[in-house]
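Here is a short briefing to read alongside your model. Have the sequence and the 3D view open as you go.

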Amino acid sequence: MNLLITRHDKIGDFVVTLPLLKAIKEQYPNTRLTALVSKINFDFAKKIDFIDDVILFDKDNLTKTKKEIRSKKFDASISAYIDTDVGKLLFLSRIKKRVAPATKLAQLFFNKRVTQRRSQVLKTEWQYNMDLALAIFPDLKLDFTKPLLEIDSQKEKRVVF
């Protein structure tokens with residue numbers, strides 16, 4: 001399966017989507033995972049070993065983003081966060097199965113909607129994201145190996161204040 005996972009907002013929001021990506025990759029290793037991310041997350045996402053490819057959500061050039069998505073011929077998409085722009089983009093990219101939370105008007109662009117009551121805080125954010133994958137992978141276990149990410153502190157530059 002060729003799968004697109006979208007989370008095109010802030011760094012922390014993208015990070016809570018990583019368990020979803022890692023669980024799918026570990027449990028369905030033949031799935032090709034591509035992440036659609038904002039500019040702030042683009043370089044970070046490219047360094048994550050369980051993400052096969054990364055597409056920039058270019059809010060200033062949605063036509064270019066749509067062409068890149070369409071060229072990858074995705075079988076399905078899972079959107080952890082939706083707005084009208086990403087909804088239209090995925091619809092116009094002809095992705096056959098589009099999964100998203102049933103939370104906003106933009107849900108109309110998706111054909112698999114998952115009702116979630118995130119405001120009730122019955123689960124953590126990453127667990128709600130994992131629930132979205134069940135629409136495509138009904139046998140997915142909400143589990144992944146830890147640590148989620150390994151950071152080589154020798155390679156990282158540190159600034160001390």
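The second largest pocket is lined by His8, Ser38, Lys39, Leu56, Phe57, Asp58, Lys59, Asp60, Asp83 and Asp85. Please keep in mind that this is a predicted model, in which local features need pLDDT of at least 70 and side-chain atom pairs count only at pLDDT 80 or more, while totals for chains, interfaces and linings use all residues. Residues are numbered from 1 along each chain as its sequence is written, and side-chain values use heavy atoms, with hydrogens and water left out.

**The pocket**
- A pocket here is an open set of points on a 1 Å grid over the protein atoms alone, where a 1.4 Å probe fits, with protein on both sides within 12 Å along at least five of seven lines; lining residues have an atom within 4 Å of a point.
- The volume of the second largest pocket, meaning the space filled by probe spheres set on the points, is about 200 Å³.
- Its lining divides into six charged, two polar and two nonpolar residues.
- In these classes, Ala, Val, Leu, Ile, Met, Phe, Trp, Tyr, Cys and Pro are nonpolar, Asp, Glu, Lys and Arg are charged, and the others, Gly among them, are polar.

**Helix H4 with helix H5**
- Helices are DSSP runs (H or I, at least four residues) numbered from the N terminus.
- The axes of H4 (residues 62-71) and H5 (residues 84-92) cross at roughly 45 degrees and come within 9 Å; axes are lines fitted to C-alpha atoms over the stretch in contact, with angles from 0 to 180 degrees between N-to-C directions.
- H4 is therefore oblique to H5, as angles outside under 35, 65 to 115 and over 145 degrees count as oblique.
- Leu62, Thr65, Lys66, Ile69 and Arg70 of H4 make the contact (heavy atoms within 4.5 Å) with Asp85, Leu89, Leu90 and Leu92 of H5.
- By class, that contact has five nonpolar, three charged and one polar residues.

**Helix H2 with helix H6**
- The axes of H2 (residues 18-27) and H6 cross at roughly 40 degrees and come within 8 Å, which means that H2 is oblique to H6.
- From H2, Pro19, Leu20, Ala23 and Ile24 meet Trp126, Asn129, Met130 and Ala133 of H6.
- Seven nonpolar residues, one polar and no charged residues make up this contact.

**Leu148**
- Leu148 sits in the segment after helix H6 (125-133).
- Leaving aside residues up to four places away in sequence, Leu148 touches Val15, Leu18, Pro19, Lys22 and Phe50.
- Leu148 and Thr17 are 131 residues apart in sequence, yet 11 Å apart in space, C-alpha to C-alpha.

How values were computed: Helices (H or I, at least four residues) and strands (E, at least two) are DSSP runs, numbered from the N terminus.
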